[in-house]
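Visitor: I should like to learn how to read the packing of helices and the contact between chains in a model. May we take the features in turn?

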Amino acid sequence: MAQNSQSTSGPDAATPGSGRRVSGVGRLLIVVYGILALAATGRSVFQIIDRFGEAPVAFTLSALAALVYIVATIALVAPGRLWYRVAWSTISFELAGVLVVGTLSLVAPHVLSMTDSDPFGRQSTVWSVYGMGYLFIPLVLPVLGMTWLAKRRAVTR
Amino acid sequence: MIEWFTTVQIAIACAAGIVCLVLGLIGRLPGDVSMGATALVALLLIAQLVVTIVSPIVGNDPTGSLAEFYIYLISAVILPFAGGFWALIERNRWSTVILGVVCLAIAVMLYRMHAIWFVQSV
């Protein structure tokens, strides 16, 4: 409630209704995020049910990544300053995640308790080898998302 | 899963995806061509679902995990309906582009499903 009153009295109040409306290419971003959230969730749920003991760290990270993609998708759609901040946090977290986990999966797969680093293999996650199994979309998407968020803020001011 | 059917299906999904992307990028609203192409992709996915239900009964078993296969298939079936619904309520060029992205995502998922059925071994 406090967030609502804050955002309506903030600089966004100058453009009510239009400032936070998702338009144009932003819709495409949301759809791609949604598909990635769906893909990551489906895969991590299956891996956890079927073979959690094989690579528990990697699969837990996979589930965390899926959750963050879901929150990011919602944050991109939802209006208001709070969700705008949530969008920045989740998208930054994704970029950090894909870089850290991507590097670890190549350099030190044992840290993730993975026994193979095949990006298409049975232990692969959405972030393995910088998202290679997902056509590197997990690597590119946070950058596009940040660019779009920065532009959106510039537009609303 | 039937190999030739899946190959044809991947080809059609790719073609539909490219057509919708091009139509969207040149500024066309979702129309008969883009919606029709997406509907065809959706129809083929329903056929694939029927094939998947029947296959193990008649002795055509996947080499990989059937559960993992179903997760991909059900996710894929949701996509064209979600994209098509979006195109009906948001009538602008980006909805056409979205239909294209959805069709291409389905092509990738079908490729993965093909690998689970024919290549992956447990």
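**Helix packing and the chain contact**

Guide: In chain A, helix α2 (residues 25-51) packs with helix α3 (residues 56-77) at an angle of about 155°, and their axes are 8 Å apart. As angles over 145 degrees count as roughly antiparallel, α2(A) is therefore roughly antiparallel to α3(A). Please bear in mind that this is a predicted model.

Visitor: What describes two packed helices?

Guide: Two packed helices are described by the angle between their axes and the distance between the axes. Handedness may be added to this description. In this case, α2(A) passes α3(A) in a left-handed crossing.

Visitor: Which residues of α2(A) and α3(A) meet?

Guide: From α2(A), the residues include A:Leu29, A:Ile30, A:Tyr33, A:Gly34, A:Leu36 and A:Ala37. Among those they meet in α3(A) are A:Phe59, A:Ser62, A:Ala63, A:Ala66 and A:Tyr69. By class, the contact of α2(A) with α3(A) comprises 15 nonpolar, 6 polar and 1 charged residues.

Visitor: At what angle do helix α2 and helix α3 of chain B pack?

Guide: Helix α2 (residues 32-54) of chain B and helix α3 (residues 66-89) of chain B also form a packed pair, with an angle of about 155° and axes 10 Å apart. The angle makes α2(B) roughly antiparallel to α3(B). Their crossing is left-handed. Among the residues that make the contact are B:Met35, B:Thr38, B:Ala42 and B:Leu45 of α2(B), together with B:Leu66, B:Phe69, B:Tyr70 and B:Leu73 of α3(B). The contact of α2(B) with α3(B) has 16 nonpolar residues, 4 polar residues and no charged residues.

Visitor: How does α1 of chain B pack with α4(B)?

Guide: Helix α1 (residues 3-25) of chain B lies against α4(B) at an angle of about 160°, with the axes 7 Å apart. The two helices, α1(B) and α4(B), are therefore roughly antiparallel to each other, and they cross in the left-handed sense. By class, 18 nonpolar, 7 polar and 2 charged residues belong to the contact of α1(B) with α4(B).

Visitor: How many residues does each of chain A and chain B give to the contact?

Guide: Chain A gives 15 residues and chain B gives 18 residues. The buried area complements this count: between chain A and chain B it is about 1,500 Å². Carbon and sulfur atoms give 75% of that area.

Visitor: How many salt bridges are there between chain A and chain B?

Guide: The count between the two chains is 1 salt bridge. In a salt bridge, the side chains of B:Glu90 and A:Arg27 meet at 2.8 Å, N to O. Over all chains, a search of the whole structure finds 3 salt bridges. B:Glu90 is in the loop between α3 and α4 (93-119) of chain B and A:Arg27 is in helix α2 of chain A, so this pair joins two chains.

Methods. Residues numbered from 1 in each chain as written. Chains lettered and ligands numbered in written order. Predicted model: local features only at pLDDT ≥ 70, side-chain atom pairs only at ≥ 80, totals over all residues. Heavy atoms only, no water. Axes fitted to C-alpha atoms, helices over the stretch in contact; angles between N-to-C directions. Helix = DSSP H or I, 4+ residues; strand = E, 2+ residues; numbered from the N terminus. Parallel < 35°, antiparallel > 145°, perpendicular 65-115°, else oblique. Left-handed = near helix turned anticlockwise from the far one by under 90°. Contact = heavy atoms within 4.5 Å. Nonpolar A, V, L, I, M, F, W, Y, C, P; charged D, E, K, R; others polar. Buried area = accessible area lost by both parts, 1.4 Å probe. Salt bridge = Lys/Arg side-chain N within 4 Å of Asp/Glu carboxyl O.
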